[in-house]
Amino acid sequence: MKWDARKIIEDELNKQSIFKNRESLMPEYIPEALPHRENELKLLASYFRHLIANPGSMSQRVLIVGRVGTGKTTLMRTFATNLTSIAREKGLSFDYIHVNCYKNRSLFGIVRDIALQLGLSVPHRGLSSKEIMDAVISFLDEGDRYTLIVFDDFHYFVNIAGKEAVYFITRAYEAFHESKRLNMVFVSTDTNIIGVFDPVTESYLNRYIIKLQPYTSSQLLDILRYRASLAFHEDAYDEKLLELIAEYEGVDRSGEGNARHALTILLTAGDIAEKEGAGRISIEHVRKAITIHDRSKEIERINDVLRYSSLHELLLLLSIIRLLRKKNDKEVEMGEVEDEYRLLCNIHGEIPRSHTQLYEYTRNLSKTGVINAVTKNMGNRGRTTLISIPYGPLEELEKYVTTLVTKKREIEY
Ligand SMILES: Nc1ncnc2c1ncn2[C@@H]1O[C@H](COP(=O)(O)OP(=O)(O)OP(=O)(O)O)[C@@H](O)[C@H]1O
Ligand SMILES: [Mg+2]
């Protein structure tokens with residue numbers, strides 16, 4: 001047969017993709033329907049009824065807890081965007097603020113983010129958290145505005161900023177301000193998080209707590225059906241594939257009940273089928289996707305944390321990984337990590353951060369479960385911090401963190 005470049009290109013261009021809308025399986029996508037979360041949506045509406053019926057009568061606080069991938073973020077976004085449009089249709093000045101506590105782990109960072117999302121201009125430095133919060137309250141008072149602030153993944157903030165900062169967020173402003181314009185939802189994967197609040201807030205939140213249970217196989221099947229119908233052409237998949245995924249991930253089948261996992265597996269299976277040029281997804285594609293997913297579970301877990309890490313936090317992590325691999329050892333000492341880090345900085349043309357700053361990074365990485373760090377007494381050699389990474393394989397982790405470093409550097413330059 002004659003070699004025909006034009007035909008090869010045309011055939012490829014004409015080939016129908018199995019995807020109708022690939023984005024609808026991405027984690028950021030906000031679906032219109034949330035099957036099996038109707039009751040939670042109803043509860044939220046009942047807790048915030050006052051905002052519509054009698055605005056300013058109270059400032060509500062609600063706690064949402066549930067394991068990873070149980071739909072906490074999506075539930076809150078769905079609720080809050082709808083509530084905003086309902087409130088505005090009633091003529092209320094209402095703003096919904098979504099604070100990501102991975103990204104903002106300090107009190108100042110969070111308060112500044114709230115102000116920025118309200119459209120206030122805030123300098124990087126020079127103002128205290130209290131001054132910014134005062135400006136926020138005055139802005140709301142003067143404009144007769146109400147707001148719902150969602151503190152998503154609040155446990156990250158709690159771990160790093162500490163109890164006093166939590167107190168500031170929940171209580172401190174109440175002492176100075178009469179107005180009841182702030183409403184808050186705290187979202188967390190940590191079921192014990194309620195213990196970090198002061199006793200008054202704790203006993204209040206105990207009455208306004210919503211627990212999201214991990215999804216069962218049959219619930220996941222409904223979710224997968226709905227999302228698959230958005231993502232794929234009808235003849236590109238069938239029910240059996242969805243059942244296989246739902247049974248693998250369902251909490252009743254000793255899976256985690258994590259909807260994000262289930263959807264990621266479906267997306268990966270679709271990608272594999274597409275890459276192979278298969279017209280439809282097969283059971284074998286799903287099996288492959290499950291295997292890939294199993295291998296990268298840990299990386300996926302820390303992915304969420306590392307997304308928002310600074311360049312030098314990532315360089316420090318990379319030094320730890322490289323050193324652990326080089327020495328083929330269970331753990332490494334902080335001192336040698338710092339040497340390796342300076343070497344890496346040299347290679348990348350970066351100015352190394354101070355010892356104190358590195359110590360702070362180590363603490364953060366340890367608190368968010370990326371590394372294990374323990375301080376050990378070394379007799380007359382003083383004390384040292386021993387660092388280990390209990391998961392892996394480190395080869396894959398190194399590749400992954402290297403990519404993140406490259407990306408970060410591209411953004412920063
Ligand atoms: N009931 C549902 N119906 C449809 N899609 C859902 C449902 N629950 C979760 N999802 C989807 O699953 C994914 C994970 O949901 P989400 O990010 O809201 O979970 P989360 O509880 O916030 O997880 P994390 O603790 O990791 O932040 C998203 O893509 C979301 O759209
Ligand atoms: Mg979330």
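**Entry 1: domains**

I began at the boundary of domain 1 and domain 2, where my count of salt bridges came to zero. I keep in mind throughout that this is a predicted model. The domain assignment of the protein gives domain 1 as 38–212, domain 2 as 220–295 and domain 3 as 308–412. I then looked up the separation of the first pair and found the C-alpha centres of domain 1 and domain 2 to be 35 Å apart. Their contact draws on four residues from domain 1 and six residues from domain 2. Between them the two domains bury about 330 Å², with 37% of that area on carbon and sulfur atoms. On the side of domain 1, the residues that lose the most area to domain 2 are Arg67, Val68 and Gly69, which together make up 93% of what that side buries.

**Entry 2: strand 4**

Next I turned to strand 4 and asked how many of its residues are buried. Seven of the seven are, so strand 4 is largely enclosed by the rest of the structure. In a regular strand the side chains alternate between the two faces of the sheet. Here I noted that Leu182, Met184, Phe186 and Ser188 point one way, while Asn183, Val185 and Val187 point the other way, and that all are buried.

I also looked up the partners of strand 4. Strand 1, residues 61–66, runs parallel to strand 4 and is joined to it by five bridges, with valine 62 standing opposite valine 185. Strand 3 likewise pairs with strand 4 in the parallel sense, over five bridges, and in this pairing leucine 148 stands opposite asparagine 183.

**Entry 3: salt bridges**

A search of the whole structure gave me 23 salt bridges, and I followed up three of them.

Aspartate 95 and arginine 145 form a salt bridge in which the closest N and O atoms are 3.0 Å apart. Aspartate 95 lies in strand 2 (residues 93–100) and arginine 145 in strand 3 (residues 145–152), so the pair ties together parts that are 50 residues apart in sequence. Is aspartate 95 buried or exposed? I found 14% relative accessibility for aspartate 95, which counts as buried, whereas arginine 145, at 23%, counts as partly exposed. I added that Arg88, Asp95 and Arg145 are linked in a network of salt bridges.

Aspartate 141 forms a salt bridge with arginine 181, the closest N and O atoms being 2.8 Å apart. This pair links distant parts of the chain, with aspartate 141 in helix 6 (residues 129–142) and arginine 181 in the loop between helix 8 (163–170) and strand 4 (182–188), 40 residues apart. Aspartate 141 is partly exposed at a relative accessible area of 33%, while arginine 181 is buried at 13%.

The third salt bridge brings together the side chains of arginine 325 and glutamate 398, at 2.8 Å from N to O. Arginine 325 sits in helix 15 (residues 311–327) and glutamate 398 in helix 18 (residues 394–412), so that distant parts of the chain, 73 residues apart, are linked. Arginine 325 has a relative accessible area of 38% and is partly exposed, and glutamate 398, at 19% relative accessibility, counts as buried.

**Entry 4: an annotated span**

Last, I consulted the UniProt record, an unreviewed entry, which places the feature "domain: Cdc6 C-terminal" at residues 317–401. I found the end C-alpha atoms of residues 317–401 to lie 8 Å apart, and the span to be 55% helix and 16% strand.

Conventions:
Residues numbered from 1 in each chain as written. Chains lettered and ligands numbered in written order. Predicted model: local features only at pLDDT ≥ 70, side-chain atom pairs only at ≥ 80, totals over all residues. Heavy atoms only, no water. Salt bridge = Lys/Arg side-chain N within 4 Å of Asp/Glu carboxyl O. Helix = DSSP H or I, 4+ residues; strand = E, 2+ residues; numbered from the N terminus. Buried < 20%, exposed > 50% of the residue type's maximum accessible area, 1.4 Å probe, protein only. UniProt positions renumbered as here; feature names shortened; annotations may be inferred. Pairing = 2+ DSSP bridges. Domains from an automatic or database assignment. Contact = heavy atoms within 4.5 Å. Buried area = accessible area lost by both parts, 1.4 Å probe.
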